[in-house]
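Reader: I have just opened this one and would like a walk through a few parts of it. Can we take it piece by piece?

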Amino acid sequence: MPFFDRESCYMSCCGKLICNGCRYCLTRKRCPFCNTADPRSDEEIVKRLYERVEKYNDPEAMHLLGSYHRDGELGLPVDRSKAFELFQRASELGSAAAHYQIGVRYLKGDGIEMDKTKAVYHWQIAAMMGHMASRNNLACIEWKDNRNYHRAMKHYMIVAKCGYKDSLHNVKECFKGGLVTKEEFEETLRGYQDALEETKSEQRDRAAAIIQSGQSE
């Protein structure tokens, strides 16, 4: 399975995750796990997600609904309070992505009082659960706010080894500036290349191109 949320798809019928490459190469418009027909409308997706929340207390369904309420997607009205409530419920049930979103809301003061300490707290939890975007944000905080460059580089190197391009760029720039040794940079670069190789496939590349262009099949 790919390392990042954007590279996988949540099946609202059964709550399973499937990588985008596998999803887009399927010829039958049915779930490969439970054989349920794909939803035909945004309303049906929302209905299935709420069913997952009500029947199974599904944290990923809560996280997705929170995102849709936050941005007013799939026909849902923009409701930041509802979004935050859903993110909180999902985080309490162990959703790293929800912890990440809560951190972003606290950092921006988006519908709630701005609180950088709470933002960092939630990103730390998510990072320990393997959420790379949260760890990257921690690195940015350490670098820009705390001036703890050594700790920031530790975060950046961990994330880069999981295939996160922006973090690799930061490690490279610090290597040029003498903050990272040649051995550390080479180790990070090898990890980055290995991560890309492990998740590389023609189907995933095709899926990424389709998603980026906004096309649908």
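Reader: How are helix 8 and helix 10 oriented to each other?
Author: Helix 8 and helix 10 are roughly parallel, a term for angles under 35 degrees. Helix 8 covers residues 149-160 and helix 10 residues 182-198; they pack at about 30 degrees, with their axes 8 Å apart. Axes are lines fitted to C-alpha atoms over the stretch in contact, and angles run from 0 to 180 degrees between N-to-C directions. Helices here are DSSP runs of H or I with at least four residues, numbered from the N terminus.

Reader: Which residues make the contact?
Author: Helix 8 supplies Lys154, Met157 and Ala160, and helix 10 supplies Glu184, Thr188 and Tyr192. Contact means heavy atoms within 4.5 Å. By class, three of these residues are nonpolar, one is polar and two are charged.

Reader: Before I go on, what kind of model is this?
Author: It is a predicted model: local features need pLDDT of at least 70 and side-chain atom pairs pLDDT 80 or more, while totals for chains, interfaces and linings use all residues. Residues are numbered from 1 along each chain as its sequence is written, and side-chain values use heavy atoms, without hydrogens and water.

Reader: Now arginine 135. Buried or exposed?
Author: Arginine 135 counts as buried, at 15% relative accessibility; the cut-off is under 20% relative accessible area, with a 1.4 Å probe and protein chains only. Arginine 135 sits in helix 7, residues 132-144.

Reader: What does arginine 135 touch?
Author: Leaving out residues up to four places away in sequence, arginine 135 touches Ala127, Met128, His155, Ile158 and Val159. Its C-alpha atom is also 9.5 Å from that of alanine 152, 17 residues apart along the chain.

Reader: Different topic: how many residues of helix 5 are buried?
Author: In helix 5, 10 of the 13 residues are buried, among them His99, Gln101 and Arg105. What covers them includes helix 3 (59-71), helix 4 (80-92) and helix 6 (116-128).

Reader: What comes after helix 5?
Author: Glycine 109 follows helix 5, and its phi is positive, near 65 degrees.

Reader: Last one. Where is aspartate 58?
Author: Aspartate 58 lies in the loop between helix 2 (42-56) and helix 3. Aspartate 58 is buried, with a relative accessible area of 9%.

Reader: And what does its side chain reach?
Author: The side chain of aspartate 58 reaches the backbone nitrogen of glutamate 60 at 2.9 Å. Beyond its neighbours within four places in sequence, aspartate 58 is in contact with Tyr10, Gly15, Arg52 and Val53.

Methods:
Buried < 20%, exposed > 50% of the residue type's maximum accessible area, 1.4 Å probe, protein only. Helix = DSSP H or I, 4+ residues; strand = E, 2+ residues; numbered from the N terminus. Polar contact = N/O pair within 3.5 Å; in protein donor to acceptor, adjacent residues only side chain to side chain. Parallel < 35°, antiparallel > 145°, perpendicular 65-115°, else oblique. Nonpolar A, V, L, I, M, F, W, Y, C, P; charged D, E, K, R; others polar.
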